[in-house]
Amino acid sequence: MKILLVEDSATLRYAISRYITEVGHEAVLAQDGEEAMHIVDATAVDMIIMDVEMPGLDGFETTRLIREMLGEHWVPIIFVTGKSEEGDFQDGIEAGGDDYLIKPISRIILKAKIKAMERILDMRNQLNLANRELTELSERDSLTRLYNRRTFENRALGYWRQANRAREPLSVLLLDIDHFKTFNDTYGHIAGDDCIRSVADAIAQSANRPGDIVARYGGEEFVVLLTNTPESGARHVAEQIRLAVASLQIAHKNSNASEFVTLCVGGATLNNTHNGDLSSLIHAADQGLYRAKGAGRNCVSVKQFTPLPKLLLLDKHAHTKPLIERQLLSHCTLINVDSYTDALSATQQQRPDIVVIDDDDIHEALNFCKNLSELDAVRVPVILVTADDGSSAQSPFDQLVILPKPLDSRSLLANINRFLV
C-alpha cells in the first residue's frame, strides 16, 4: 500500500516511515496539513497516518477537508496524538478518523493496526469488485454479453441529452437476423444460440467507437446507437455490419435471402435532437427495418428522420380538441394534458412547438404563462381560447395570442400554422 504519513516532527516522520517500510509498504511523507491535502489531490494513497497536533491546520481539520475532497472514496485514517482523554477519541472519530494511536508510538501496535486496516481495505475492494460484477451482470445480456434492452434505454437517454446540448446528429440502427425462426427449426436452438452470439460479435466489432452503444433488443433483434453520426455515416456503419455478418458464412439452407445467415438493417438519423425524442427516433428506425424486410431482406434502409412539430393542448371544455384532431393530427404530434401543472411539466420535458389552451378563466391561464416565462430555457408561443375578453388582465408573456369565443376555427388554425411553419 501507499501510506501517507502526516507528521510535523522530523524524528517521528523518520521512525514511523521506517515502521511502514518494514511491513512492506511505501511511505509518502507530508510535514503539515496543507502539504497532505496537495498530496491527496495529486496522488492516490491507500491509507493515512495523521498527527493531530500540527501548526496551521491540525489533524482533525485536515481530515475533515480530505474526507470532503475524496467524497465517497474511503481511505482509512489513523490518528497519532499525545492526547488520551475520552473526548479526544470522540473528536477524532467525528472528524473522520478510523483509529487512534497514543504517543509514544509502539512499533508493534502500529504494525498491527496497519495490518488490520489492510485487511479491511482488502475486504472492501473485494466487495467493490463483486458489486461491479453484479452491476455488469445486470446490464448485460446473458447470451451475447452485449448490453440488454433496459441498459440501452438508460444509456441512450444520456447520449440523447448530450447530443441535445452539443446540437449533434444522432442515429439509431435496428437489426434483425433474416428468417431466424426457420434457422432454429432447421438447425436447432443450440445452433441458434451460437448464431446469435456470432452475429452479436460481428455487430460489436463494426460499431466499436467509444460513443457507440450496441445492445440485444430482444430475440434475434439488435439495436445500435451512433453518436454524432449523420445519415451517411449511419448508412456506412449499417452496410459494414451487414457485410460482416454475411462474411461469417453461417449456413442457412432454408433462407430465401441467402444460403448463409444475413440480416436486414433499418436506421434513422435526427440532425437536431431538440426537435424530437428518442422513442420517435427508434420508431423511425423500426420503420426502416420494415422497409428493408419488404425489399427482400439482407439489405439496409437508413433515412433522415424529420419529426412532426409538437402541439400541447389543455382543453378545459373539450371544444378545441375535436377541431385540432380533425384538421391537424396528420401534421403534428398532439400532447394532451388535463391540468396547468401537467402542462408546465410537459412543456419542460417534451418541448412542444406551441401550446394551445381552451379555458374561460383567463387569470389562471395568464398565471401559467407567467410561470412559463420564468423558465429561461423554455420559449414557446401560447394560444389561449377564452370567453373572457381579458380587458382587466395584462399578459406577462410576449408570445401569447388570445382568441375570443365564439371561436373562429379559421383564425385558430391560421395562428397555429403561423407558429408551426
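Student: How many helices and strands are there in the chain?

Tutor: The model is a predicted one, and its chain holds 14 helices and 15 strands.

Student: What does the radius of gyration of the chain say about how spread out it is?

Tutor: The value is set against the one that the globule rule gives for a chain of 421 residues, namely 22 Å. Here the radius of gyration is 32 Å, well over that figure, so the chain is more spread out than a compact globule. The C-alpha trace spans about 90 × 80 × 30 Å along its principal axes.

Student: What share of the residues counts as buried, and what share of the accessible surface belongs to carbon and sulfur atoms?

Tutor: Of the 421 residues, 45% count as buried. The accessible surface comes to about 21300 Å², and carbon and sulfur atoms account for 48% of it. As for contacts with a separation of 6 or more, 66% of them join residues 24 or more positions apart.

Student: How should one read a sheet, and in which order do the five strands of the open sheet lie?

Tutor: In general, the strands of a sheet pair through backbone hydrogen bonds, in either a parallel or an antiparallel manner. In this structure, five strands form an open sheet with mixed pairing, and their order is E7-E8-E6-E9-E10. Strand E7 (213-218) and strand E10 (300-304) are the edge strands, each pairing on one side only. On average, neighbouring strands of this sheet are turned by 15 degrees against each other, direction ignored.

Student: How many bridges join strand E6 to strand E8, and do they run parallel or antiparallel?

Tutor: Strands E6 (residues 170-177) and E8 (residues 221-227) run antiparallel and are joined by seven bridges. In one of these pairs, Asp-176 has Glu-221 of E8 as its bridge partner.

Student: Which strands does helix H6 touch, and which does helix H10 lie across?

Tutor: Helix H6 (residues 149-166) packs on the sheet and touches E6, E7, E8 and strand E9 (263-270). The direction of H6 makes about 140 degrees with that of E7. Helix H10 (residues 278-294) lies across E6, E7, E8, E9 and E10, and runs at about 145 degrees to E9.

Student: At what angle do helices H3 and H4 pack, and how far apart are their axes?

Tutor: Two packed helices are described by the angle between their axes and by the distance between those axes. For helix H3 (residues 59-70) and helix H4 (residues 86-95), the angle is about 20 degrees and the axes are 9 Å apart. Angles under 35 degrees count as roughly parallel, so H3 is roughly parallel to H4. The contact is made by Phe-60, Thr-63 and Arg-64 of H3 together with Asp-88, Asp-91, Gly-92 and Ala-95 of H4.

How values were computed:
Residues numbered from 1 in each chain as written. Predicted model: local features only at pLDDT ≥ 70, side-chain atom pairs only at ≥ 80, totals over all residues. Heavy atoms only, no water. Pairing = 2+ DSSP bridges. Helix = DSSP H or I, 4+ residues; strand = E, 2+ residues; numbered from the N terminus. Axes fitted to C-alpha atoms, helices over the stretch in contact; angles between N-to-C directions. Contact = heavy atoms within 4.5 Å. Rg over C-alpha atoms; globule rule 2.2 N^0.38 Å. Buried < 20%, exposed > 50% of the residue type's maximum accessible area, 1.4 Å probe, protein only. Areas by Shrake-Rupley, 256 points an atom, 1.4 Å probe, with all protein chains shown as cover. Parallel < 35°, antiparallel > 145°, perpendicular 65-115°, else oblique.
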